[in-house]
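I opened my notebook to look at how some helices and aromatic rings sit together. Here is what I looked up, step by step.

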Amino acid sequence: MLRVTFDSNVWEHIVDWVRYGSDQPARKTIHDAIRDGVISAYISERILTVESIRRSTRAAKLAELADNYVSVKTEVVEGGATLIVSFNGVSDLHPGAHPVLSDRLMRATALGFKVLPDSFFGTVLPSEPDLSPFYAGPEEWGDRTRDEILNEDSRISSEIASRGVGRGRLEAIGKRIQSRLGWSDCGWFDGLDRPKDESEAKEIADAFGEMVDGDVVAAHIAYRFNILCTQDLGGKRASIFDTANRRWLTDRYGVSIMGVRELAATIAASKA
């Protein structure tokens with residue numbers, strides 16, 4: 001069975017295929033293939049950890065969440081002190097997903113979509129919707145453990161960032177802001193909530209979208225799935241989905257990237 005990862009700009013159009021005018025026959029073919037178990041469909045947890053937060057407030061809110069993700073306290077007990085570190089994976093600080101997004105996510109999982117967990121340290125899930133029953137499980141792991149897959153995911157995400165795309169675009173902006181503020185020894189995300197003007201704020205918002213794209217690609221590769229479906233062709237700035245980086249993904253990892261029409265044709269051919 002084909003295992004297909006769906007980019008953020010595609011999955012909603014598959015779930016709600018009637019709503020959108022273009023490529024309806026292709027989107028219906030994919031929708032029905034997921035429903036009937038012809039293909040296995042996956043989306044990234046980044047939809048909940050990042051894309052559920054409004055573009056204009058992502059930098060500030062994610063900085064707040066990162067600060068509260070790890071809590072450290074020291075308990076003094078007989079014979080010494082114990083350092084307790086806790087990781088808060090779900091937080092009321094998260095603003096929560098918009099009701100429309102929550103509804104579509106629940107419809108997506110009802111259709112058959114599964115969720116790929118986020119390997120990135122410091123991200124926080126909203127309390128609702130709870131998609132934990134729909135996360136990729138042992139049947140997706142093959143002969144590896146979940147931790148091995150997440151470690152591979154993290155390594156590939158960093159490799160993508162080193163090319164200046166994916167998370168790399170945000171890292172570059174962060175370094176620029178830190179230099180302007182005279183900061184040192186910072187995390188890569190420090191300062192992203194302090195843009196100098198509206199232009200830089202928009203640049204940061206756009207870069208969050210590119211980070212999500214890079215992480216979707218990294219998860220797809222780490223899980224060794226067959227096809228990555230996206231309509232993203234990159235833009236004026238370098239992108240993980242631009243021509244040069246698509247070629248690199250194919251040469252380096254054998255990634256097969258298809259648009260909606262290509263995927264629908266592949267599904268139809270597999271039934272012939």
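Is Tyr253 buried, partly exposed or exposed? I looked up its relative accessible area and found 22%, so I wrote down partly exposed. I kept in mind that this is a predicted model.

**Entry: a ring pair.** Next I checked the neighbour that Tyr253 pairs with. The ring centres of Trp248 and Tyr253 lie 6.1 Å apart, with the planes at 90°, so I noted the pair as edge-to-face; planes over 60 degrees apart earn that label. Trp248 has 15% relative accessibility and therefore counts as buried, because the cut-off for buried is under 20%.

**Entry: the other rings.** I counted four aromatic pairs by the ring rule. I also found a cluster in which ring pairs link Tyr42, Tyr223 and Phe225.

**Entry: two helices.** Tyr223 turned up again in helix H9, among the residues that meet H7. How do H7 and H9 pack? I found an angle of about 135° between H7 (residues 146-162) and H9 (residues 198-223), and their axes are 8 Å apart. The two helices are therefore oblique to each other, and their crossing is right-handed.

**Entry: who touches whom.** From H7 I listed Ile149, Glu152, Asp153, Ile156, Ser157 and Ile160. On the H9 side I found residues including Gly214, Asp215, Val217 and Ala218. Sorted by class, this contact of H7 with H9 has nine nonpolar, two polar and three charged residues.

Key: Residues numbered from 1 in each chain as written. Predicted model: local features only at pLDDT ≥ 70, side-chain atom pairs only at ≥ 80, totals over all residues. Heavy atoms only, no water. Axes fitted to C-alpha atoms, helices over the stretch in contact; angles between N-to-C directions. Helix = DSSP H or I, 4+ residues; strand = E, 2+ residues; numbered from the N terminus. Parallel < 35°, antiparallel > 145°, perpendicular 65-115°, else oblique. Left-handed = near helix turned anticlockwise from the far one by under 90°. Contact = heavy atoms within 4.5 Å. Nonpolar A, V, L, I, M, F, W, Y, C, P; charged D, E, K, R; others polar. Phe/Tyr/Trp six-rings, centres within 6.5 Å; stacked < 30°, edge-to-face > 60°. Buried < 20%, exposed > 50% of the residue type's maximum accessible area, 1.4 Å probe, protein only.
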